[in-house]
Amino acid sequence: MIRTTTSTMANLARRQLCCPYFSGINSSILPHSAPSSSTSISKTPTHNNNLITTRDMTILSKESKAEFKNQNYSSRMAKKGQPVSPHVTIYSFPVCALSSITTRVTGCALSFGSAGLGLVEIVGGNGAALQLMSNIGSSELFGVAAVAKLSVAFPFVYHYLGGLRHLVWDNSPDMLTNVGVEKASYILVGTSVLVSGVAAVL
C-alpha cells in the first residue's frame, strides 16, 4: 500500500478521462506524502469503465493520400465549398504602401536592365551595348526614343529618391507620421514623374 494526496488522485482521474492509457499507470511512480487529508490506493491498477472512452481509427489509403497531395489549397477549399483567404488584388493599398512597393519594383528593373546591357556587351563584344542604345535613341519610329528614355529615367530617379527618403526616415524616425509619410509619398511620385519626363524629352 502507498499513500498519495487527494490532489494527486484528482489529477490522475482527469488524465484517465482524457487518455485511456493513463488508466493502467503504475501507482509506484506517484509521489509519496503523508498529509492528514490523504487517501490509500492499491498498487494493483484499477480500471473504471466509465472513465475509458474509445474511438475508431481513421485509416488513410495510399490512393486518397496521393489524391490529397495533388490538390492545392484553393482546390480543396473549392471542393468543400469553403471560402479562401482574400487575395491582395482586392485590397485598397494606401499611397505609402504603393510608393514603397514601387521602390522595390524599380530596383528590380534597374538590376535586370543592367544585367541585360552587360549580357549584350559580353555577347556582342566591346561597344555593343553603347551601339544598341545609340540605335534606339536615334530611331525614327515615333515615340520609341522617348519611351526608351522614360523606361530608364523613371526607375533610376524614383529608386534614387526613394532611397534618400528612407535614409532620412532612418535618421529621423520622428518624421514617420501618417500625414508625413503620405505627403512624402506624393512628393516622391510627383518629383520622379517630373524629372524623368524632362529627361525623356531631352
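In which handedness of crossing does H4 pass H6? The crossing in which H4 passes H6 is left-handed, and the points below set this beside the rest of the fold, with the caution that the structure is a predicted model.

1. Overall composition. The protein chain is built from seven helices and two strands, and when the elements are read along the sequence they follow the pattern β-α-β-α-α-α-α-α-α. Of the 202 residues in the protein chain, 17% count as buried, where buried stands for a relative accessible area under 20%.

2. The pairing of H4 with H6. Two packed helices are described by the angle between their axes and the distance between the axes. For H4 and helix H6, the latter covering residues 144-171, the axes come within 9 Å and cross at roughly 130°. An angle over 145 degrees would be needed for roughly antiparallel, and 65 to 115 would count as roughly perpendicular; H4 and H6 are therefore oblique to each other.

3. The pairing of H6 with H7. Here the axes of H6 and helix H7 (residues 178-201) come within 8 Å, with a crossing angle of roughly 150°, and that makes H6 roughly antiparallel to H7. The handedness of the crossing of H6 and H7 is right-handed, whereas H4 passes H6 in a left-handed crossing.

4. Residue positions along H6 and H7. Lysine 149, which is found in helix H6, has a relative accessible area of 34% and is therefore partly exposed; its C-alpha atom is separated by 4.9 Å from that of alanine 200, although the two residues are 51 residues apart along the chain. Alanine 199, whose place is in helix H7, counts as partly exposed because its relative accessibility is 32%, and the C-alpha atoms of alanine 199 and valine 152 are separated by 9.5 Å across 47 residues of the chain.

5. Residue positions along H4. Leucine 98 is found in helix H4 and, at a relative accessible area of 42%, is partly exposed. The C-alpha atoms of leucine 98 and serine 185 are separated by 8.6 Å, with their places 87 residues apart along the chain. Leucine 117 also lies in helix H4, which spans residues 95-124, and with a relative accessible area of 33% it is partly exposed.

6. The nonpolar patch on the surface. Leucine 117 is one of the residues that form a nonpolar patch on the surface, together with Leu130, Leu132, Met133, Ile136, Leu141 and Val144. The accessible area of these residues together is about 590 Å². Helix H5, covering residues 128-137, gives the most to the nonpolar patch, contributing four residues. As patches are made of residues with over 30% relative accessible area, the value of 33% for leucine 117 is in keeping with its place in the patch.

7. A point to check against the model. Which helix gives the most to the nonpolar patch, and with how many residues? It is helix H5, with four residues, while the patch also includes Leu117, a residue of helix H4.

Note on methods:
Residues numbered from 1 in each chain as written. Predicted model: local features only at pLDDT ≥ 70, side-chain atom pairs only at ≥ 80, totals over all residues. Heavy atoms only, no water. Patch = residues over 30% accessible without salt bridge, like charges linked within 9 Å, V, L, I, M, F, W, Y side chains within 5 Å. Areas by Shrake-Rupley, 256 points an atom, 1.4 Å probe, with all protein chains shown as cover. Salt bridge = Lys/Arg side-chain N within 4 Å of Asp/Glu carboxyl O. Buried < 20%, exposed > 50% of the residue type's maximum accessible area, 1.4 Å probe, protein only. Axes fitted to C-alpha atoms, helices over the stretch in contact; angles between N-to-C directions. Parallel < 35°, antiparallel > 145°, perpendicular 65-115°, else oblique. Left-handed = near helix turned anticlockwise from the far one by under 90°.
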